[in-house]
Protein chains: 2
Amino acid sequence: MSEPKDYKIAAVDRALALLEALADRPDQGVTSLAKSLGMTKSLVFRLLHTLEERGFVSRDPERAEFALGYRIGVLGERLGKDGALLYAARPVMDALRDQTSENVNLVVREGLKTYVLATRAGRHSIRLFAQAGRNGPLHAGGGSLLLLAYADPSVIDAALSQPLEAFTPYTITDRAKLRQALERIRANGYNIVLNDLDEGAFSVAAPITGADGTIIASISVAGAVARFDEERRESHLRAALDAAAEISERLSIHGPGENGLVKSRA
Amino acid sequence: MSEPKDYKIAAVDRALALLEALADRPDQGVTSLAKSLGMTKSLVFRLLHTLEERGFVSRDPERAEFALGYRIGVLGERLGKDGALLYAARPVMDALRDQTSENVNLVVREGLKTYVLATRAGRHSIRLFAQAGRNGPLHAGGGSLLLLAYADPSVIDAALSQPLEAFTPYTITDRAKLRQALERIRANGYNIVLNDLDEGAFSVAAPITGADGTIIASISVAGAVARFDEERRESHLRAALDAAAEISERLSIHGPGENGLVKSRA
DNA sequence: AACGATGTTTCACACAATAAAACATTGAGA
DNA sequence: TCTCAATGTTTTATTGTGTGAAACATCGTT
């Protein structure tokens with residue numbers, strides 16, 4: 001689209017493409033990898049050799065097939081599960097904030113609480129509950145209810161058997177109504193709430209799917225109800241769903257967008 | 001100490017060294033990384049750019065510091081915890097088998113059972129209990145007892161409150177004696193047993209430490225007691241301990257051996 | 001025994017990775 | 001406010017190095 005300048009260094013990029021290919025389908029041989037990536041055998045061989053010396057790929061004892069190496073596991077463990085999610089979400093959160101001009105929150109569940117992984121402050125200064133590192137309730141707030149809706153039934157039961165604090169007059173504390181709300185969230189695939197956690201605030205939340213297909217987090221747009229008309233409701237919802245989809249795609253094993261195989265001719 | 005042939009492709013190797021450096025110490029800037037790796041700023045910059053485009057490194061919103069990216073987490077998760085251990089151990093197991101000519105087993109704990117991750121068959125054909133993918137008891141066998149010894153006290157209590165099957169006349173089924181044995185294992189830092197799981201077999205087991213410093217697995221040398229004299233007892237023990245240490249080092253965040261930084265200081 | 005497929009090695013050339021240095025930007029301190 | 005120092009970014013020339021093609025070796029199969 002724009003930049004004629006390409007700072008990518010090709011050899012490294014190809015090596016990373018190789019790793020992605022191995023993650024996507026392990027136990028491939030040199031020829032198979034070369035074919036599917038459009039590289040020559042000798043190149044793949046040397047890339048694999050380099051990666052193997054550092055433990056980033058591992059070869060079968062039978063000396064035939066390759067897979068991701070232990071070092072990837074070690075580094076990945078170092079990052080932690082939240083780290084991957086957080087870093088995958090970061091640029092998307094920035095974009096979502098710029099799009100909506102509202103607050104953006106990334107929230108996960110932690111037992112019977114929620115945990116705010118990161119936030120982006122919108123243009124308008126409004127103090128909301130969400131703040132990075134903070135724990136919150138599971139039964140109030142756009143992202144919280146969404147996470148609860150997609151949690152294991154046993155978690156839902158446990159959460160609903162606790163006392164349900166009313167943070168505002170609009171907080172749903174009736175268990176039957178709460179279960180109804182959860183059902184509607186699952187039917188819709190998103191959640192929109194008003195005033196239930198922070199008085200005067202709306203929240204539009206969308207679900208983020210992890211590599212294993214389960215819902216692992218929520219991203220939400222939040223701001224003052226005064227600015228929340230029908231048009232914004234639509235646009236924020238779409239933006240949140242798109243953002244959630246993009247993060248989910250990044251976290252999927254197939255990776256974002258094209259897998260970057262640069263086609264040379266013939 | 002042999003092959004002058006170097007198939008490593010330098011650019012890729014440097015990129016991997018960069019990743020290791022970031023894993024070792026995150027939130028570094030271009031200059032700092034360049035200095036500690038002995039590379040030029042522009043090179044580091046372009047490496048980081050390439051890695052970032054694929055999500056293998058992530059930059060702070062404040063546009064200053066870098067860390068491992070989400071894609072590493074995704075690929076690492078794909079490998080699984082056992083995968084990293086298994087692949088790190090593979091070549092070491094091969095070497096250990098070649099050194100000792102005996103069977104080699106890699107075992108982890110799974111609840112109140114053990115799980116055999118991988119085995120290597122020694123030169124002499126002897127059928128032992130261990131077989132990849134198999135579950136075993138926690139109170140008999142060289143690796144099993146070792147894992148139990150280093151397990152959480154609650155796990156030990158739970159394991160000892162079960163009925164303790166006597167696989168051979170030599171299996172320790174007396175709970176007090178078992179606890180004594182565990183204590184001695186912890187004092188020694190290894191475990192040697194004879195005939196307690198497989199009649200006529202010895203087992204010399206050493207503990208493998210994960211990245212977090214806890215003992216996560218056992219590697220053991222096993223064979224027929226007929227071949228187990230005092231000299232072999234010593235050599236096998238040393239070999240097993242060395243192998244365990246090497247695997248542990250591979251799994252540590254600092255990585256195996258030198259981190260490949262070519263020192264050139266001014 | 002001959003084949004076909006695979007992994008491995010060699011080699012020469014073009015181009016892409018590299019280092020050096022100029023430039024831009026930021027923040028600190030006087 | 002101005003200056004200085006440190007950092008990230010960009011440019012450019014040269015060389016070294018990554019690259020593809022093709023030869024070679026090593027299997028397993030028919």
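Of the atoms of DNA strand D within 4 Å of the protein, what percentage belongs to sugar or phosphate, and what is left to the bases? In this predicted model, sugar or phosphate accounts for 67% of those atoms, and bases make up the rest.

On the protein side, 19 residues sit around DNA strand D, and the ones that come nearest are A:Arg14, A:Arg46, B:Val30, B:Thr31 and B:Phe45. By type, the residues of this surface split into 9 nonpolar, 5 polar and 5 charged. Both chains pitch in with helices: chain A brings helix H1 (10-24) and helix H3 (41-53), while chain B brings helix H1 (10-24), helix H2 (30-37) and helix H3 (41-53), each supplying at least two residues.

A few polar side chains of chain A can be picked out. A:Arg46 puts a polar side-chain atom 3.3 Å from a base oxygen of DNA strand D, and A:Ser42 has one 3.1 Å from a base nitrogen. For A:Tyr7, the partner is a sugar or linking oxygen of the strand, 3.4 Å from an N or O atom in its side chain.

As for chain A itself, the chain is divided into domain 1 (10-68) and domain 2 (80-251), with 40 Å between their C-alpha centres. Helix H2 (residues 30-37) of chain A has A:Val30, A:Leu33, A:Ala34 and A:Leu37 buried. Seen down the axis of H2(A), these buried residues fall within an arc of 100 degrees, so they line one face of the helix. They pack against H1, H3 and strand E2 (66-68) of chain A. Right after H2(A) comes A:Gly38, with a positive phi near 70 degrees.

How values were computed
Residues are numbered from 1 along each chain as its sequence is written. Chains are lettered from A and ligands numbered from 1 in the order in which they are written. This is a predicted model: local features need pLDDT of at least 70, side-chain atom pairs count only at pLDDT 80 or more; totals for chains, interfaces and linings use all residues. Side-chain values use heavy atoms; hydrogens and water are left out. A residue is near a molecule or strand if one of its heavy atoms lies within 4 Å of it. A polar contact is a pair of N or O atoms within 3.5 Å; within protein, one must be able to donate a hydrogen and the other to accept it, and residues adjacent in sequence count only if both atoms are side-chain atoms. Helices (H or I, at least four residues) and strands (E, at least two) are DSSP runs, numbered from the N terminus. Ala, Val, Leu, Ile, Met, Phe, Trp, Tyr, Cys and Pro count as nonpolar, Asp, Glu, Lys and Arg as charged, and the others, Gly among them, as polar. Domain bounds come from an automatic or database domain assignment. Buried means under 20% relative accessible area, exposed over 50%, partly exposed in between (1.4 Å probe, protein chains only). The arc is that of the directions from the helix axis to the C-beta atoms. Contact means heavy atoms within 4.5 Å.
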